Amino acid sequence: MRIETTLSTLMHGNQLKQTTRTGWGQRGVANAENVAAHSYGVAYTALILAPLVGQPVDVGKALTMAVLHDLPESLTSDIPSPAWRLMPEGVKPRVEDQVMESILGDTAGGDELLVAWHELHECETTESRLVGDADKLDLYLQALVYEQQTGNRQLDEFWQRPAEFHFTESQAIYEALVRRRTAQTDG
């Protein structure tokens with residue numbers, strides 16, 4: 001058994017508990033969630049969405065993808081999307097692939113985890129699309145919660161362009177979030 005490699009891999013996962021989601025802080029949210037909390041939100045959302053989408057879902061595979069989806073941020077930190085957009089095209093997936101190789105490459109079971117990671121980013125399977133939808137929904141859920149808690153209007157930009165989802169059920173949940181937000185701001 002590779003105890004030191006396993007311990008190193010576990011430490012990377014633990015680092016996500018210390019890594020704040022920077023996009024929230026940039027928009028005036030004090031005490032913003034960390035990446036581990038977001039990863040939990042994505043996994044939980046995927047778990048709840050799975051029976052709704054009307055297609056067979058390997059829930060274990062979807063949860064694996066959800067838990068792994070932001071693991072590179074244990075080394076890169078949470079670089080917000082506006083910053084990634086300023087970097088050369090394709091740099092984000094290349095960097096994240098290198099990070100995942102370094103974290104999981106020698107880990108017991110790492111090959112299977114890397115397969116799940118790549119499947120997620122190819123976005124061609126039911127599970128990968130489900131996790132993609134869950135990732136977006138968790139962001140909108142969190143934005144609504146922060147607006148409710150703080151009245152922060154700096155989060156309007158998240159709602160300015162409609163989100164697109166792979167599954168009609170995810171789209172319906174997003175639209176319900178928008179309606180709830182509208183009712184709260186109008187009420």
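Biologist: Why does Thr-19 count as buried?

Modeller: This is a predicted model, and in it Thr-19 has 8% relative accessibility. Buried means under 20%, so Thr-19 makes the cut.

Biologist: Where is Thr-19, and what does Thr-19 touch?

Modeller: Thr-19 sits in the loop between α1 (3-15) and α2 (22-26). Leaving out residues up to four places away in sequence, Thr-19 touches Asn-34, Val-35, Glu-73, Ser-77 and Asp-78. The Thr-19 side chain also reaches the backbone oxygen of Gln-15 at 2.9 Å.

Biologist: Okay, now the opposite case. What makes Thr-168 exposed?

Modeller: Its relative accessibility is 62%. Exposed means over 50%, so Thr-168 qualifies. You'll find Thr-168 in helix α11 (residues 168-186). The C-alpha atoms of Thr-168 and Gly-54 are 9.9 Å apart, with their positions 114 residues apart along the chain.

Biologist: And why is Tyr-40 called exposed?

Modeller: Apply that cut-off again: over 50% is exposed, and Tyr-40 comes in at 56%, so the label fits. Tyr-40 is in helix α3, and belongs to a nonpolar patch on the surface. Its partners there are Tyr-44, Leu-47, Ile-48, Leu-52, Val-59 and Ile-173, and together the patch has about 630 Å² of accessible area. Helix α3 (residues 35-49) gives the largest share, 4 residues.

Biologist: Let's talk charges. How do you know that Arg-27 and Glu-157 form a salt bridge?

Modeller: Their N to O distance is 2.9 Å. The limit is 4 Å, so the pair counts. Arg-27 is in the loop between α2 and α3, while Glu-157 is in helix α10 (residues 156-160), 130 residues apart, so this pair links distant parts of the chain. Side chains of opposite charge can pair when their charged atoms come close.

Biologist: Are those two residues buried or exposed, or in between?

Modeller: Arg-27 is buried, at 10%. Glu-157 is partly exposed, at 40%, because that value falls between 20% and 50%.

Biologist: What makes Glu-96 and Lys-92 a salt bridge?

Modeller: The closest N and O atoms are 3.4 Å apart, and that is within 4 Å, so the pair passes. Glu-96 and Lys-92 are 4 residues apart in helix α7, so about one helical turn separates them. Glu-96 is buried at 6%, whereas Lys-92 is partly exposed at 34%.

Biologist: Why does the pair of Arg-181 and Asp-156 count as a salt bridge?

Modeller: Their N to O distance is 2.4 Å, so it falls within the 4 Å limit. Arg-181 lies in helix α11 and Asp-156 in helix α10, so the pair ties together parts 25 residues apart in sequence. Arg-181 is buried at 13%, and Asp-156 is partly exposed at 27%.

Biologist: How many salt bridges turn up in the whole structure?

Modeller: The search finds 7. Arg-21, Glu-33 and Asp-70 are linked in a network of them.

Biologist: One last thing: how do you know that the span of helix α9 agrees with what is expected?

Modeller: At 1.5 Å a residue, the 25 residues of α9 (residues 126-150) should span 36 Å, and the end C-alpha atoms are 36 Å apart, so the values agree. Gly-151 follows α9, with a positive phi near 70°.

Terms used. Residues numbered from 1 in each chain as written. Predicted model: local features only at pLDDT ≥ 70, side-chain atom pairs only at ≥ 80, totals over all residues. Heavy atoms only, no water. Patch = residues over 30% accessible without salt bridge, like charges linked within 9 Å, V, L, I, M, F, W, Y side chains within 5 Å. Areas by Shrake-Rupley, 256 points an atom, 1.4 Å probe, with all protein chains shown as cover. Salt bridge = Lys/Arg side-chain N within 4 Å of Asp/Glu carboxyl O. Helix = DSSP H or I, 4+ residues; strand = E, 2+ residues; numbered from the N terminus. Buried < 20%, exposed > 50% of the residue type's maximum accessible area, 1.4 Å probe, protein only. Polar contact = N/O pair within 3.5 Å; in protein donor to acceptor, adjacent residues only side chain to side chain. Contact = heavy atoms within 4.5 Å. Expected span 1.5 Å × (residues − 1).
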